[in-house]
Amino acid sequence: MAENPRAKRLADLIREVVAEKLHRGVKDPRLGTRVTITDTRVTGDLREATVFYTVYGDDEEREQAAKGLESAKGVLRSAVGQAAGVKFTPSLTFVADALPDTAKTIDDALARAKAKDEQVRQVSTGAAYAGEADPYRKPGEEDDLAEDEDGDTDA
């Protein structure tokens, strides 16, 4: 299903308005400059908007920021309504974005893989092949092998 272009435009507008209002208009010390709006999604009927955010800090600061966003929801919705000029201003739902946690998990997995690769590289330094260095047959060697199997050797 194709995404509604009007919903996409409204989502972009909501993201910009909420970010600007948080940065300059809301005086809640729990929010400040630690909250970053990462994405916004609006339903097809333009009635509900989900605003994804991240918080720079520990778990306590994230919890305080979530409470601050809930308390500022009315002010932010009013600002969106003034900027959007739509018949019905969408209700805002704030959701902590899992992207930084996912990125950290991926970075940790890549670091572990790099360490394992380095460990394998150190173990394999100076090691010899289990068989021949080049295990693949060459075009001229096939004839020699067929003669050796029949017992018809030239030697």
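Helices and strands here are DSSP runs, numbered from the N terminus, with at least four residues for a helix and at least two for a strand. By that numbering, Leu-46 lies in the loop between β1 and β2. The tour comes back to that loop after a look at the whole chain. Keep in mind throughout that this is a predicted model.

**The whole chain**

Start with the protein chain in cartoon view. Its secondary structure comes to 5 helices and 3 strands. Followed from the N terminus, the elements run α-β-β-α-α-β-α-α. Switch to a surface view next: the chain exposes about 11600 Å², and carbon and sulfur atoms supply 51% of that area. Of the 155 residues, 21% count as buried. Among contacts between residues at least 6 apart in sequence, 59% join residues at least 24 apart.

**The sheet**

Select the 3 strands. They form an open sheet in the order β1-β2-β3, with mixed pairing. The edge strands are β1 and β3 (91–96), each of which pairs on one side only. From one strand to the next, the twist averages 30°. Strands of a sheet pair through backbone hydrogen bonds, either parallel or antiparallel.

Which way do β1 and β2 run relative to each other, parallel or antiparallel? They run antiparallel, and 7 bridges join them. To see one pair, select Thr-36, whose bridge partner in β2 is Thr-54.

Now move to the other side of β2 (residues 48–55). Here 6 bridges join β2 to β3, and these two strands run parallel. Two residue pairs can be picked out: Thr-50 stands opposite Thr-93 in β3, and Tyr-53 stands opposite Ala-96 in β3. Colour β2 by accessibility as well: 6 of its 8 residues are buried.

**Helix α1 against the sheet**

Add helix α1 (residues 5–24) to the selection. The helix packs on the sheet and touches β1, β2 and β3. Its direction makes about 155° with that of β1. Two residues of β1 show what this packing looks like in detail.

Select Ile-37, which has its place in strand β1. Is Ile-37 buried or exposed? Its relative accessibility is 12%, so Ile-37 counts as buried, the limit being under 20%. Not counting residues up to four places away in sequence, Ile-37 touches Arg-15, Val-18, Ala-19, Leu-22, Val-51, Phe-52 and Tyr-53. Draw a distance between the C-alpha atoms of Ile-37 and Arg-15: they are separated by 6.6 Å, while the residues are 22 apart along the chain.

Next select Thr-40, also found in strand β1 (residues 35–42). Thr-40 counts as buried because its relative accessibility is 6%. Residues up to four places away in sequence aside, Thr-40 touches Ala-11, Ile-14, Arg-15, Thr-50 and Val-51. Arg-15 is thus a residue to keep displayed, since it is among the contacts of Ile-37 and among those of Thr-40.

**The hairpin loop**

Return to the hairpin of β1 and β2, which has 5 residues between the strands. Select Leu-46 and check its backbone angles. What is phi of Leu-46 near? The angle is near 65°, a positive value in a residue other than glycine. Most residues other than glycine have a negative phi, and most peptide bonds are trans. Leu-46 is also buried, because its relative accessible area is 12%.

**Around Phe-88**

Select Phe-88 and show its ring along with two arginines. Arg-47 lies over the face of Phe-88, at 4.2 Å from the ring centre. The charged end of Arg-77 sits over the ring of Phe-88 too, 5.5 Å from its centre. As for ring against ring, the structure holds 0 aromatic pairs.

Finish with Thr-89, in the loop between α3 (73–84) and β3. Thr-89 has a relative accessible area of 18%, so it is buried. Leaving aside neighbours within four places in sequence, Thr-89 is in contact with Arg-77, Val-80 and Gly-81. Keep Arg-77 on screen for this last view: the charged end of Arg-77 sits over the ring of Phe-88, and Arg-77 is in contact with Thr-89.

Note on methods: Residues are numbered from 1 along each chain as its sequence is written. This is a predicted model: local features need pLDDT of at least 70, side-chain atom pairs count only at pLDDT 80 or more; totals for chains, interfaces and linings use all residues. Side-chain values use heavy atoms; hydrogens and water are left out. Buried means under 20% relative accessible area, exposed over 50%, partly exposed in between (1.4 Å probe, protein chains only). Contact means heavy atoms within 4.5 Å. Accessible areas come from the Shrake-Rupley method with a 1.4 Å probe; for residues, only the protein chains shown count as cover. Rings of Phe, Tyr and Trp (its six-membered ring) pair if their centres lie within 6.5 Å; planes under 30 degrees apart count as stacked, over 60 as edge-to-face and the rest as tilted. A charge sits over a ring if NZ of Lys or CZ of Arg is within 6 Å of the ring centre and within 35 degrees of the ring normal. Two strands pair if DSSP finds at least two bridges between them. Axes are lines fitted to C-alpha atoms, for helices over the stretch in contact, and angles run from 0 to 180 degrees between N-to-C directions.
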